[in-house]
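Please prepare a short briefing on the structure below for someone who has not seen it before. Group the points by topic.

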Amino acid sequence: MSTSPGAADDDLTAIRVDQFFPHPPAKVWRALTDPELLAQWQMPGSEDFRLEVGHRYRMTSVPRPNTGFSGVVEVSVLGYEAERMLRVRWADAARAGAADWTITWTLEQEGRGTRLFLVHEGFDPDDPAQSMARRIMDGGWRSHVMRALGQTLERLR
């Protein structure tokens with residue numbers, strides 16, 4: 001499931017992140033699905049998450065006019081397999097069709113830790129705003145989000 005260096009950039013419709021955390025899958029799963037923990041590392045509004053297929057909630061972030069992003073994300077839970085996979089849909093609340101992405105988190109035990117895979121799909125490589133959004137979000141997932149998730153896991157007992 002891991003990609004070779006550079007392979008993630010070949011698919012301009014998706015972002016793929018492969019991150020190891022020195023914590024067991026149950027702990028990482030908890031950080032991905034417990035609303036109080038989500039609020040520590042994801043966008044405001046994530047505290048309204050419920051692990052229930054079909055559940056919908058809103059998250060807010062900084063609007064990015066250069067990418068067409070309003071700053072409000074409609075999220076719906078598409079599916080999950082406890083301690084293994086979580087799939088959600090993100091859509092821009094203000095601009096139908098501007099952003100309609102699927103985010104899939106997959107957890108695999110690796111030794112005493114967890115290999116966490118993120119796939120963020122649905123970018124239109126022919127749309128300059130979507131291409132810019134992909135570049136910005138790729139950096140955000142890899143640096144800010146994974147670091148914040150790691151810090152949340154470190155605080156979690």
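The briefing covers confidence, the sheet, the helices and the empty spaces.

This is a predicted model. The chain has a mean pLDDT of 91, and 93% of its residues reach 70 or more. Its sheet is open, with 6 strands and antiparallel pairing. A search of the whole structure finds 1 cavity of 30 Å³ or more, and the largest pocket has a volume of about 630 Å³.

**Confidence**

- Over residues 1-8, pLDDT stays under 50.
- For residues 1-8 the model has 11 contacts beyond four places in sequence.
- Predicted coordinates should not be read in detail where pLDDT is low.

**The sheet**

- The strands lie in the order E1-E6-E5-E4-E3-E2.
- Strand E1 (14-21) and strand E2 (56-60) are at the edges and have a single partner strand each, so one side of each has no neighbour in the sheet.
- From one strand to the next, the twist averages 25 degrees.
- Strand E4 (residues 85-92) and strand E5 (residues 100-110) run antiparallel and are joined by 7 bridges.
- Arg89 has Thr102 in E5 as its bridge partner.

**Helices on the sheet**

- Helix H2 (residues 25-33) packs on the sheet, where it touches E1, strand E3 (72-81), E4, E5 and strand E6 (113-121).
- The direction of H2 makes about 160 degrees with that of E5.
- Helix H4 (residues 128-155) lies across E1, E4, E5 and E6.
- H4 runs at about 15 degrees to E1.

**The largest cavity**

- The volume of the largest cavity is about 90 Å³.
- Its lining has 13 residues, and those nearest the centre are Gln42, Tyr57, Leu86, Val88 and Trp105.
- At least two lining residues come from each of helix H3 (35-41), E2, E4 and E5.
- E4 gives the most to this lining, with 3 residues.
- By class, the lining of the largest cavity has 12 nonpolar residues, 1 polar residue and no charged residues.

**The largest pocket**

- The largest pocket is lined by 27 residues.
- Met43, Ser61, Phe69, Trp90 and Met137 lie nearest the centre of the largest pocket.
- Helix H4, which lies across E1, E4, E5 and E6, gives the most to the pocket lining, with 9 residues.
- The pocket lining divides into 16 nonpolar, 8 polar and 3 charged residues.

Conventions: Residues numbered from 1 in each chain as written. Predicted model: local features only at pLDDT ≥ 70, side-chain atom pairs only at ≥ 80, totals over all residues. Heavy atoms only, no water. Pairing = 2+ DSSP bridges. Helix = DSSP H or I, 4+ residues; strand = E, 2+ residues; numbered from the N terminus. Axes fitted to C-alpha atoms, helices over the stretch in contact; angles between N-to-C directions. Contact = heavy atoms within 4.5 Å. pLDDT = per-residue confidence, 0-100. 1 Å grid on protein atoms, 1.4 Å probe; cavity = no way out; pocket = protein on both sides within 12 Å on 5 of 7 lines; lining within 4 Å. Points joined across faces, edges and corners; volume = space filled by probe spheres on them. Nonpolar A, V, L, I, M, F, W, Y, C, P; charged D, E, K, R; others polar.
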